[in-house]
Amino acid sequence: TCLSKGGGFHFPPCHMLSVSGFRILLDCPLDLSSLAIFSPVPIALEAHESLETDSVVRKKQKIEKTLDANDLVFAEPWYKTVKSLHLWDASFIDVILISSPTGMLGLPFLTRTKDFSAKIYVTEAAARIGQLMMEDLVSIHMELRQFYGPEDSSSLQWMRWEGLEVLPSELKKIALGADCEELGAWMPLYSAVDVKDCMRKVQTLKYAEEACYNGTLVIKAFSSGLEIGTCNWTINGPKRNIAYISSSIFVSTHAMDFNFLGLQGNDLIIFSDFSTLDTTENMENDNTYCDPAASSNASDDLYNLEEIAASLLKDDESMEEMEKLAFICTCAFDSVRAGGSVLVPIDRLGIVLCLLEQMSLLLESSSLKVPIYIISSVAEELLAFTNIIPEWLCKQRQEKLFSGEPLFAHVKLIKERKIHVFPAVHSVELLTNWQEPCVVFCPHWSLRLGPVVHLLRYWCSDPNSLLILESGDDANLALLPFKPMAMKVLQCSFLSGISLQKVQPLLKALQPKLLLTVSEGFEVQDPNFRSKHDYSLL
């Protein structure tokens, strides 16, 4: 059953799979893009009063006006989980497989429920990075909790029907979903204690390490290439061998490459995600059942599987990514040269590490002395962690270890005081060290939480400054509280899945009996395999 088709890198798909009588949950993410309906920490309390007045007027007159900052919800944010997950009894889930750090951000909501007893499997690297991401989310949320005070019935006014009724249609669609079925998916954020309790219930694995569940299922994780620690899964049962392909890319500039070998020879491949860059194709309309043999001809048998895998592992996509990063760094350099500052609320760990390397090299080659600040409660620990995990990185990074170099350049740059790491925007060390123009990396990409809110308000009227965002979300809605904006905005797209044109050669390399992609809300029962290429859907 597909519980959610997801929404790119930050909101991976979520499925419930029944195998040999066991229920397996595949990923448990949060839809953090839904935070856009909330206001950041208001500058003044008058904003809340104007919201109430304007809402009453629109309710009486039924006027749909242009969206502005006063239409946002002025309350402590709640967080949107997978829309159908709250309808499942957590005690009935036997196994949870986590494919990425973003795929575990909703786990504490499950693990804190009564009678939860599922076994949670995740790779060692993804578990540590995911834990730090959850701790950082709790930390930056605390500012809003302190501003609005203890939660009471009045703070949940927006969740009552009277409050939802006066929301503009754009915000109402996010709050309720297209079919008005998603209100139950909203929950108050978990605590730091919930995160610790959650991590105690996690069993970590290395790539290709076997985990045997209940003496029946053999579970393995293989590198997906998307990020450090991300993985695809194989589930070997008494009747079927199943592979689950999560968001993947074949070649990475930092993480271990996509592992073909571990995914070959499975009866069924569940293909969960296609690249968000392929906007010309619509995968929502139908469930797709693909016979890899039926779409091939006799000459296809001559293909050498190793050659197919080698062609997919060409570094053309990674070269494109590096060109994008070089373009971003050039735009940032132009801004600081004009006297402006650069704000980067991107939280993709690999992208941030590569940007730090390229941006530092570009600034070093010029005569500009521009500091780079990283502001996050977990930045110091996260950066230290990335330099002690060579087994999770690509070959080029691993070779640096044997040559005596750091895995990533930020280690040297921090020692040379070209990069400065601080836990909070109000820390005394940052205030005494502050210098402009500068480049700042900080959370959160939603532009509703964290240091980015304060820095964006500070620089939004500066036409020389630059904000770098990841495309995919509604930038107009995200920037609504900061308008009018004189600051330049650069939106960038990064690889987050396998492009559609590479699916066919991937099938030739993996040779499954059946490829399955399931649309959101659909349940698909196990096909009857009458012969290798003769099966039906029940």
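**Exercise 1.** Which residue in S2 is the bridge partner of Cys2?

*Solution.* Start with the ground rules: this is a predicted model, where local features need pLDDT of at least 70, side-chain atom pairs count only at pLDDT 80 or more, and totals for chains, interfaces and linings use all residues. Residues are numbered from 1 along each chain as its sequence is written, and side-chain values use heavy atoms, with hydrogens and water left out.

Next, find the elements: helices (H or I, at least four residues) and strands (E, at least two) are DSSP runs, numbered from the N terminus. Two strands pair if DSSP finds at least two bridges between them. S1 and S2 (residues 14-19) do so in the antiparallel sense, over 2 bridges. Look along S2 and you'll find His15 as the partner of Cys2.

**Exercise 2.** Work out why S1 and S8 each have one side without a neighbour in the sheet.

*Solution.* Write down the strand order of this open, mixed sheet: S1-S2-S3-S5-S6-S8. S1 (2-4) and S8 (202-205) stand at the edges with a single partner strand each, so one side of each stays free of a sheet neighbour.

**Exercise 3.** Place helix H9 (residues 349-365) on its strands.

*Solution.* First, lay out the other open sheet, a parallel one: S17-S16-S18-S15-S19-S20. Then check a pair: 3 bridges join S15 (residues 342-344) to S18 (residues 439-441), with Leu343 partnered by Val440 in S18. Finally, add H9, which lies across S15, S16, S17 and S18 and runs at about 170° to S18. Such angles run from 0 to 180 degrees between N-to-C directions, with axes fitted to C-alpha atoms, for helices over the stretch in contact (heavy atoms within 4.5 Å).
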